[in-house]
Amino acid sequence: MLEAWLSRGDRRLSAVIYEAWKAGAKFDAWKEYFQYETWLAAFDMVGLNPEFYTHRQRRVDEIFPWEHIDSTLRKKFLFEDYMLSQRGDTRIDCRQRCFACGILPTFADLRRGNPGEIWQCPEVKSKKIPVHALLDYSGLSVN
Ligand code: SF4
């Protein structure tokens, strides 16, 4: 739960961390120091529900706190992976079929400048496609 809060949390979690620290929480990765109740009390103190970060259905068009970090992968691609995982499926190796994961628009110039087989990604022919043109999450949701 603590790892989920810290990895999925938004900036409001800083107050929770501060309150937990003031109450003595530290080295929580060590079993003998882990203070679950302290963290729950810190959530309560700042008026946040910990389950907001861990136990709710999330809409796919929700803007996640970490979305300003550009991994170059399209959100739609990651959502497709999520849906596959819900069915117990995985993708085939993308060297057999490109799924347009999103890295090529970012590295288009690098790809153009380094043609050949080493990439094992398709050649880049068009100019960079705006990310908003690739997103269509209407009617979809994610845990
Ligand atoms: S082949 Fe390249 S661009 Fe296509 S899905 Fe794989 S890594 Fe992404």
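These legends go with four close-up views of a predicted model.

**View A. The largest nonpolar core brings together 11 residues.** Aromatic members include Trp 5, Trp 39, Phe 43 and Tyr 53. Leu 2, Leu 13, Val 16, Ala 20, Ala 25, Ala 42 and Leu 48 belong to this core too. Helices α1 (2-8), α2 (13-22) and α3 (36-46) each chip in with at least two of its residues. As a general point, nonpolar side chains tend to be buried together in soluble globular proteins.

**View B. Zooming in on Ala 25, a member of that core.** Setting aside neighbours within four places in sequence, Ala 25 touches Ala 20, Gln 35, Thr 38 and Trp 39. Of these contacts, Ala 20 and Trp 39 are also listed in the core.

**View C. Helix α5 covers residues 75-86.** How far apart are the end C-alpha atoms of α5? They sit 17 Å apart, which agrees with the 16 Å that its 12 residues should span at 1.5 Å a residue. Lys 75 is buried here, and so are Phe 77, Phe 79, Tyr 82 and Leu 84. Just past the end of α5 comes Gly 88, with a positive phi of about 75°.

**View D. Cysteines feature among the residues around the ligand.** Cys 94, Cys 98, Cys 101 and Cys 121 are found there, along with Phe 99, Ala 100, Ile 103, Leu 104 and Gln 120. By type, the shell splits into eight nonpolar residues, one polar and no charged. Cys 98 is partly exposed, at 38% relative accessibility, and Cys 121 is partly exposed as well, at 23%. For all those cysteines, the structure has zero disulfides.

Notes:
Residues are numbered from 1 along each chain as its sequence is written. This is a predicted model: local features need pLDDT of at least 70, side-chain atom pairs count only at pLDDT 80 or more; totals for chains, interfaces and linings use all residues. Side-chain values use heavy atoms; hydrogens and water are left out. Helices (H or I, at least four residues) and strands (E, at least two) are DSSP runs, numbered from the N terminus. The expected span of a helix is 1.5 Å times one less than its number of residues. Buried means under 20% relative accessible area, exposed over 50%, partly exposed in between (1.4 Å probe, protein chains only). A nonpolar core is a set of buried Ala, Val, Leu, Ile, Met, Phe, Trp, Tyr and Cys residues joined through side-chain atoms within 4.5 Å. Contact means heavy atoms within 4.5 Å. A disulfide is a pair of cysteine sulfur atoms within 2.5 Å. A residue is near a molecule or strand if one of its heavy atoms lies within 4 Å of it. Ala, Val, Leu, Ile, Met, Phe, Trp, Tyr, Cys and Pro count as nonpolar, Asp, Glu, Lys and Arg as charged, and the others, Gly among them, as polar.
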